[in-house]
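Let's take a walk through this protein, starting on the inside and working our way out. Pull up the viewer and follow along.

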Amino acid sequence: MLTGAVLTGGGSRRMGRPKALVEVAGAPMARRVAAALVAAGCGSVVLVGGEAGELGGLGLPLVPDRHPGAGPLGGVITALESAPGEVVVVACDLPYLTGDVLLTIVRAAAADPAADVAVARTNVVEPGCALWRPTALPVALEAFESGERAVHRVLRRLRAIEVAVPAAALRNINTPDDLVP
């Protein structure tokens, strides 16, 4: 079963509240990302990181980040350790992502069973949108334990395939100004 994980950490200082709860087109960003994960075939979707009291209204299970404050790589590792198999990990600040775009990544991974990771790419790699296989966990853990915190650098240590996706689907929201179309 494919699991979906929404990374909820970070961004609160710039947004004035948890980024996962910021509304885009009438829905919290994390809920929009979760809907895209379900549309792509994820049988379960969890939130990784954040505070249960703040995020409880989203109605999704919360997996505490085992490495709080250590950036998205800690969240990816938590998602991999929590999922029974492959996991699609998406940052909560990608509210324009669709199930069709995620299906493109899932299908690319299925076509290349030797890949550890299938990661979205526009004109640049978007490490906050990828399908991760359990084979990536030992490498990610080793990198993390040696002090690495950047997901894009860990991708270089893995058999990663890049999957072209529309740039509009990966428009992220980092500041209040990003909410303006």
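Which residues touch the most other members of the largest nonpolar core? Keep in mind that this is a predicted model. The core has 36 residues, and the ones touching the most other members are Val6, Leu37, Val88, Val90, Leu102, Ile105 and Cys129. Several elements chip in with at least two residues each: the helices α2 (29–39) and α5 (99–111), plus the strands β4 (44–48), β6 (87–91), β7 (117–121), β8 (125–132) and β9 (160–164). The top contributor is α5, which gives six residues to this core. Apart from this one lies another core, made of 27 residues, including Val46, Ala70, Ala79 and Ala140.

Now zoom in on Leu37, which sits in helix α2. Leu37 counts as buried because its relative accessibility is 0%, and the cut-off for buried is under 20%. Who are its neighbours? Skipping residues up to four places away in sequence, Leu37 touches Gly4, Ala5, Val6, Cys42, Val45, Val88, Val90 and Leu102. Thr3 is 34 residues from Leu37 in sequence, yet their C-alpha atoms are 8.4 Å apart.

Time to zoom out. The protein has seven helices and nine strands. Its radius of gyration is 15 Å, close to the 16 Å that the globule rule gives for 181 residues, so the protein is as compact as a globular protein of that length. Buried residues account for 52% of the 181. As for the outside, the protein exposes about 8,200 Å², with carbon and sulfur atoms supplying 54% of that.

Notes: Residues numbered from 1 in each chain as written. Predicted model: local features only at pLDDT ≥ 70, side-chain atom pairs only at ≥ 80, totals over all residues. Heavy atoms only, no water. Core = buried A, V, L, I, M, F, W, Y, C linked by side-chain atoms within 4.5 Å. Buried < 20%, exposed > 50% of the residue type's maximum accessible area, 1.4 Å probe, protein only. Helix = DSSP H or I, 4+ residues; strand = E, 2+ residues; numbered from the N terminus. Contact = heavy atoms within 4.5 Å. Rg over C-alpha atoms; globule rule 2.2 N^0.38 Å. Areas by Shrake-Rupley, 256 points an atom, 1.4 Å probe, with all protein chains shown as cover.
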